[in-house]
Amino acid sequence: MKRILFAAAATLISTAAMLPAQSFAMGDIVVVRTAPPPPRHEVVPAARHGYEWAPGYWNWTGHRYVWERGHWERARAGYAWHRPEWRQGDRGWELDRGGWRHGDRDGDGVPNRFDHRPNNPNRS
């Protein structure tokens, strides 16, 4: 009986050891106790019509930081690209993974709620 209890306890402890103790996720936000490395310098290629440049960032895989290289994203009408961003909060370092966010109909980078002319067809 003691062997069975010992085996069950060892299994439980080894399973708990595999869980990431340094991070937890809330929706698209990841919280990590250790600070990310400094950002790497990337050369931004020349602009491409109909595309947005998504800059590289340090991503958390659950066990370590991994650099995600910058890439081109096809532009989406009515959406604005928000780059991933690390912020230091009360619980640790928080990664907002960014992505496309709705609310910029004319594509000028100003959210509609702050834009005096959100449907301006002659934006520059």
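Contact here means heavy atoms within 4.5 Å. The model is predicted: local features need pLDDT of at least 70, side-chain atom pairs count only at pLDDT 80 or more, and totals for chains, interfaces and linings use all residues. Residues are numbered from 1 along each chain as its sequence is written, and side-chain values use heavy atoms, with hydrogens and water left out.

**Exercise 1.** List the residues that Trp58 touches, leaving out those up to four places away in sequence.

Solution. Step one: take the proline run, where Trp58 touches Pro36, Pro37, Pro38 and Pro39, and add Arg40. Step two: add Tyr65, Val66 and Trp67, then Trp86 and Leu95. Step three: check accessibility; Trp58, at 11%, counts as buried. Buried means under 20% relative accessible area, exposed over 50%, and partly exposed in between (1.4 Å probe, protein chains only).

**Exercise 2.** Find the largest nonpolar core and the strands that supply it.

Solution. A nonpolar core is a set of buried Ala, Val, Leu, Ile, Met, Phe, Trp, Tyr and Cys residues joined through side-chain atoms within 4.5 Å. The largest has 9 residues: Val30, Val32, Tyr57, Trp58, Trp60, Tyr65, Trp67, Trp86 and Leu95. Strands S2 (29–32), S4 (57–60) and S5 (65–68) each supply at least two of them, and S4 gives the largest share, 3 residues. Strands are DSSP E runs of at least two residues, numbered from the N terminus.

**Exercise 3.** Describe how S4 and S5 pair, and which side chains of S5 are buried.

Solution. Two strands pair if DSSP finds at least two bridges between them; S4 and S5 have 4, in the antiparallel sense. Asn59 stands opposite Val66 in S5. The hairpin has 4 residues between the strands, and Gly62 takes a positive phi near 110 degrees. In a regular strand the side chains alternate between the two faces of the sheet. Along S5, Tyr65 and Trp67 point to one face and are buried, while Val66 and Glu68 point to the other and are not.

**Exercise 4.** Classify the ring pairs Trp53–Trp72 and Trp58–Trp67.

Solution. Rings of Phe, Tyr and Trp (its six-membered ring) pair if their centres lie within 6.5 Å; planes under 30 degrees apart count as stacked, over 60 as edge-to-face and the rest as tilted. The count comes to 5 aromatic pairs. Trp53 and Trp72 are 5.2 Å centre to centre with 70 degrees between the planes, an edge-to-face pair. Trp53 lies in strand S3 (residues 51–54) and Trp72 in strand S6 (residues 71–74), so the pair ties together parts 19 residues apart in sequence. The ring centres of Trp58 and Trp67 are 5.3 Å apart and their planes at 70 degrees, so this pair is edge-to-face.
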